[in-house]
Amino acid sequence: MPESVQPESVPSESGQPESVQLGTALPAAVLFDMDGTLVDTEQLWWQTAAEIAEELHHPLTDRDAPEVLGQAVEHTAAHLHRVSGTTLSEAELAARLGESFAGKVAAETVPRPGALALLASLRDARVPTALVSASPRRVVDLVLSAIGRDWFAVTLAAEDTPRTKPAPDPYLAAAELLGLDPALCVAVEDTPTGVASAAGAGCAVLAVPSTATPMPDGERITLLASLEQADLVLLGKLTAAPAV
């Protein structure tokens with residue numbers, strides 16, 4: 001089940017929450033994708049899919065990217081089953097993908113540049129955060145063990161909603177667990193699939209691509225080259241304007 005711990009707004013000496021003391025508008029919460037956004041695992045996922053696709057005599061190309069990057073294990077398994085004509089079932093492919101990816105994540109989890117610094121600044125400002133991933137819970141737990149669980153008030157994995165990305169369900173669930181309107185939250189994503197999920201839920205979106213795949217346009221979608229360029233002022237501006 002999703003982890004849900006309602007964060008408290010801790011008063012400063014003046015009796016106001018620290019976030020108010022910053023003198024800037026802040027989002028109600030920031031909802032982070034995991035793979036490729038907070039940790040450098042998107043390439044590990046591509047490598048995992050590419051290795052299994054090679055065994056199925058279907059070398060991956062850029063045309064496969066929308067079916068792999070940002071997608072749940074089951075989605076990519078279904079794609080490989082369809083394009084390769086393998087006698088392996090989708091469930092067998094999903095199991096192999098999951099095992100291989102989990103092994104790579106356990107050995108090679110590396111935070112993306114600026115990720116931990118941004119999480120620290122949000123924690124200091126008492127802005128609640130959530131982890132919203134399309135990866136299986138066991139992979140999410142491996143990453144949390146590496147970067148720390150205490151950053152997040154809520155964590156959601158692929159199994160925690162009826163539909164995962166690109167459906168809006170994960171972001172809607174995260175906002176609901178936090179007791180917040182999604183329109184007042186910023187979602188941070190790295191793939192078109194994730195951006196579609198967050199935008200569909202009504203969140204403002206900060207897109208920080210981990211690959212060269214083009215991002216969708218939208219009035220509440222902001223593009224950055226790196227999380228190192230993100231700060232509290234920018235995040236506050238993303239939700240300052242009324243939702244459209």
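In the predicted model, V30 stands opposite T129 of strand β3. The two strands concerned, β2 (residues 29-32) and β3, pair in the parallel sense, with three bridges between them. Strand β3 is also joined to β4 by three bridges, and these two strands likewise run parallel. Within this second pairing, V132 has L156 of β4 as its bridge partner. Between β3 and β4 the chain passes through helix α7 (residues 137-147), giving a β-α-β crossover that is right-handed.

The side chains of β3 divide between two directions: T129 and L131 point one way, whereas A130 and V132 point the other way. In a regular strand, side chains alternate between the two faces of the sheet. All four of the β3 residues T129, A130, L131 and V132 are buried.

The loop that precedes β3 connects α6 (115-124) to β3 (129-132) and contains R126. This residue is not a glycine, yet R126 has a positive phi of about 60 degrees. R126 has a relative accessible area of 30% and is therefore partly exposed, as the value falls between the 20% and 50% limits. A positive phi of about 60 degrees is also found at H57, again a residue that is not a glycine. H57 is located in the loop between α2 (42-55) and α3 (65-68). With a relative accessible area of 73%, H57 is exposed, because the value is over the 50% cut-off.

A further backbone feature occurs at K165 and P166, which are joined by a cis peptide bond with omega of about 15 degrees. P166 belongs to the loop between β4 (154-156) and α8 (169-178). Both K165 and P166 are in contact with T193, a residue whose contacts outside its neighbours within four places in sequence also include P66, L69, G70 and Q71. T193 is part of helix α9 (residues 192-200). The relative accessible area of T193 is 10%, so this residue is classed as buried, the limit being under 20%. With Q71, the contact involves a polar pair: the side chains of T193 and Q71 are joined by a polar contact of 3.3 Å. T193 in helix α9 is thus in contact with both residues of the K165 and P166 pair, whose peptide bond is cis.

How values were computed:
Residues are numbered from 1 along each chain as its sequence is written. This is a predicted model: local features need pLDDT of at least 70, side-chain atom pairs count only at pLDDT 80 or more; totals for chains, interfaces and linings use all residues. Side-chain values use heavy atoms; hydrogens and water are left out. Buried means under 20% relative accessible area, exposed over 50%, partly exposed in between (1.4 Å probe, protein chains only). A polar contact is a pair of N or O atoms within 3.5 Å; within protein, one must be able to donate a hydrogen and the other to accept it, and residues adjacent in sequence count only if both atoms are side-chain atoms. Contact means heavy atoms within 4.5 Å. Two strands pair if DSSP finds at least two bridges between them. A crossover is right-handed if, with the strands pointing away from the viewer, the path from the first strand over the helix to the second runs clockwise.
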